[in-house]
Amino acid sequence: MVAKEVFPTYESRNEHAFLTIHPEGKYMYITGANCLYKSMFNPETKEFQKPTMFAGSEGASAWVDSPGTAGRFVWPYQGTFVKNKSYIEAGKSDIYDFYLCDRNGHCIRKITPDGIISTYAGRGSVSSDGQVNGYIDGELRTEARFDSPCGIAYDEETQTFYIADRENHRIRTISVE
């Protein structure tokens, strides 16, 4: 076994990098430095290749829903892959969306296989002081608020997301109906 560096280095005292391998092993996403890197798996060499920037922009912190590197994250954190039935019906080669916690964006973001970033949940009802974080249950985009979500898992059988809502000290759920 050989260890070698494939992740571009960056300097930051408070950054974390999370690696999430695609369910079919095609590639992995690496979150950190306000962006999402993609590292393809080479089945011949059985190695992940040097990552390339896929979504967001290294060091550019903002909340922007947009395709690829034009999109922005405030602090992308841990994520999970979720099968998209419409991709299966359309016969697409990659049938998984990627959902991740945007910790300081106080929301859950979705990234399609094509790299389109959108806000899935959170940042709803902005409070009178202009804050988008907090603890409110409700409709995902117009009411729900999180405070530093930092972990997400998905149960395919029950179609339920489990979200670690750090500053609210709770595990929250989102059920797909």
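Which residue takes a positive phi in the hairpin of β2 and β3? To find it, keep in mind that this is a predicted model, in which local features need pLDDT of at least 70 and side-chain atom pairs count only at pLDDT 80 or more, while totals for chains, interfaces and linings use all residues. Residues are numbered from 1 along each chain as its sequence is written, and side-chain values use heavy atoms, with hydrogens and water left out.

Colour the protein chain by pLDDT (the predictor's confidence in each residue, from 0 to 100): the average is 90, and 89% of the residues score at least 70. Strand β11 (residues 160-165) has the highest confidence, at 98, whereas strand β2 (residues 27-32) has the lowest, at a mean of 94. Strands here are DSSP runs of E with at least two residues, numbered from the N terminus.

Next select β2 together with strand β3 (residues 35-42), which pair in the antiparallel sense over 6 bridges; two strands count as paired if DSSP finds at least two bridges between them. Within this pair, T31 has L36 of β3 as its bridge partner. Between the strands lie 2 residues, and here is the residue asked about at the start: A33, with a positive phi near 55°.

Keep β3 selected and add strand β4 (residues 47-48), which runs antiparallel to β3 and is joined to it by 2 bridges. F41 stands opposite F48 in β4, and in this hairpin, with 4 residues between the strands, K46 takes a positive phi near 60°.

Finally, add strand β5 (residues 52-56), also antiparallel to β3 and joined to it by 4 bridges; in β5, M53 is the bridge partner of Y37.
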